Amino acid sequence: MKIRVKDLLGMKPGQDVQAKGWVRTKRGNKEIAFIALNDGSTINNIQIVVDKTRIEDSVLAKVTTGACICASGKLVESVGSGQAVEIQADSIEVLGECDPMRYPLQKKDTSFEYLRTVAHMRPRTNTFGAILRLRSQMAFAIHNYFHSKGFVYLNTPLITASDCEGAGQMFQVTTLDLNNVPKNKKGEPDYAKDFFGRMTSLTVSGQLEGELGATALGNIYTFGPTFRAENSNTPRHLAEFWMIEPEMAFYDIKDNMDLAEDFIKHLVKYALDNCYDDIKFLNDRYDDTLIDRLKGVIDTEFVRLPYTEGIKILEKAIADGHQFEYPVSWGVDLQSEHERFLVEEHFKKPVILTDYPKEIKAFYMKQNEDGKTVRAMDVLFPKIGEIIGGSEREASIEKLDERINELKMSRKNLEWYLDTRRFGSCPHSGFGLGFERLLLFITGMQNIRDVIPFPRTPKNAEY
Ligand code: 4AD
Ligand code: MG
């Protein structure tokens, strides 16, 4: 039976075992060879020690970096440092050869840029093994967190006719023949003839449907892929990313902030408690401030600050000589450089910015009495900028209606949503955590393309 390397490394010496995996390295001398074998179950390799008199040269010659082998032998106490046990090989079977000349993962180029060009092979590297295991563990931790609090996991649709964020960044879904689009009387595409009989797109957020769930089930969360056709070629944007969106009936903005802060601290703590080997590897290899940064977040209380106060701090910084690329004044949407100034330089801890101008936020946010701001809350993180966006929702049908009219949004597609306010409307709140932004923070990676197995970005949809 298959025993994972992770389990082998924890077993008592003395047993006959078999290890299967991919060769990371082979070194040694005339008499003896040391093979570092990894099967993806852990960042750590198991060492296979080969007495060259016992294994045929022709077999050993095929044990090259990247080859897949099965090594059988005795698990013994390791004499070398670095591992408690190793395998003294009795036999080696090469399951899959790997031509050293053609193998895309060579020592000579291990830059992230290069690895993105061979993204189909990069899970075989130590770094991407660590990242992908962390990604999987965090997904589990997220489901666990909400289930332990009694939230219902709600599956919201990926194909939709409504634009939740109203930003017009949707990918259209159609089966119309693009070479011969049927037209209506006005000369526009005739969506009545399309698959769904109307214009549809990939969702940018499951929130609106999430609100249907919350106003029936109490507390729900979604966790799924979302799509944005924003042409932002930045280290923090993907065209396809995963989002976690809890939505809670009877939560006001303060309850919402409390949940967001507790949630994210829980996830960071979970990572440190359960994935330490992988985090330590990333810390030691790329950024030795990573572990301290993670611990720092668990131990600090996040700053909670109205947008207006944030703008004052940025304006003062400019007056004191700090230079930003983009201008700052009340009403502007903050750029990542502004967010990071507040978090990294001014407060030196995560900041929850609230009460943004209504013009720069989505239609569904609860309007404040000042007539200018809405009860939005963005959680800003060191190195990342915005990691969570959320708000208390507008519960009044009149105010919501007014805002939809102001924004000239199509009401027709939102009647079902407005029913939540028409029939038993209730105060409620929610937020969205970008899964890859969370992973950027937890892994310390610099580019969001490196925390998702198959990134989708402008002009890139390989695999
Ligand atoms: O701030 P956003 O646009 O908020 C919403 O979509 C709300 N409907 C969420 C809610 O209240 N239920 O997006 C939420 C989060 C951002 O804070 C960011 O972490 C992430 O999603 N995000 C992206 N991540 C990667 N690539 C992109 N293009 C992203 N756009 C947003
Ligand atoms: Mg946002």
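Q: On a 1 Å grid over the protein atoms alone, a cavity is a set of points where a 1.4 Å probe fits but cannot get out; how many cavities of 30 Å³ or more does a search of the whole structure find?
A: This is a predicted model, in which local features need pLDDT of at least 70 and side-chain atom pairs pLDDT 80 or more, while totals for chains, interfaces and linings use all residues. Residues are numbered from 1 along each chain as its sequence is written, chains are lettered from A and ligands numbered from 1 in the order written, and side-chain values use heavy atoms, without hydrogens and water. When the whole structure is searched, the number of cavities of 30 Å³ or more comes to two.

Q: How much space lies in the second largest cavity?
A: The residues lining this second largest cavity (those with an atom within 4 Å of a grid point) include G206, Q207, G210, I220 and T222. Its lining also takes in E245, P246, E247, R393 and F431. The space in the second largest cavity, counted as what is filled by probe spheres set on the points, is about 30 Å³.

Q: Which element gives the largest share of the lining of the second largest cavity?
A: Helices (H or I, at least four residues) and strands (E, at least two) are DSSP runs numbered from the N terminus. At least two lining residues come from each of α5 (207–217), β10 (219–227) and β11. The largest share, three residues, belongs to β11.

Q: Which element gives the most to the shell around ligand 1?
A: There are 25 residues around ligand 1 (each with a heavy atom within 4 Å of it), and E165, Q207, R228, E245 and E386 come nearest. Two or more residues of the shell are given by each of β11 (240–249), β15 (385–392) and β16 (428–434). With five residues, the element that gives the most to this shell is β15.

Q: Which residue has a polar side-chain atom 2.9 Å from an oxygen atom of ligand 1?
A: With backbone atoms, an oxygen atom of ligand 1 is 2.8 Å from a polar atom of I387, and an oxygen atom of the ligand is 3.3 Å from a polar backbone atom of G389. The residue whose polar side-chain atom lies 2.9 Å from an oxygen atom of ligand 1 is R393.

Q: What percentage of the area that ligand 1 exposes when taken alone does the protein bury?
A: Accessible areas come from the Shrake-Rupley method with a 1.4 Å probe, and for residues only the protein chains shown count as cover. Taken alone, ligand 1 exposes 630 Å². Of that area, the protein buries 94%.

Conventions:
Polar contact = N/O pair within 3.5 Å; in protein donor to acceptor, adjacent residues only side chain to side chain. 1 Å grid on protein atoms, 1.4 Å probe; cavity = no way out; pocket = protein on both sides within 12 Å on 5 of 7 lines; lining within 4 Å.
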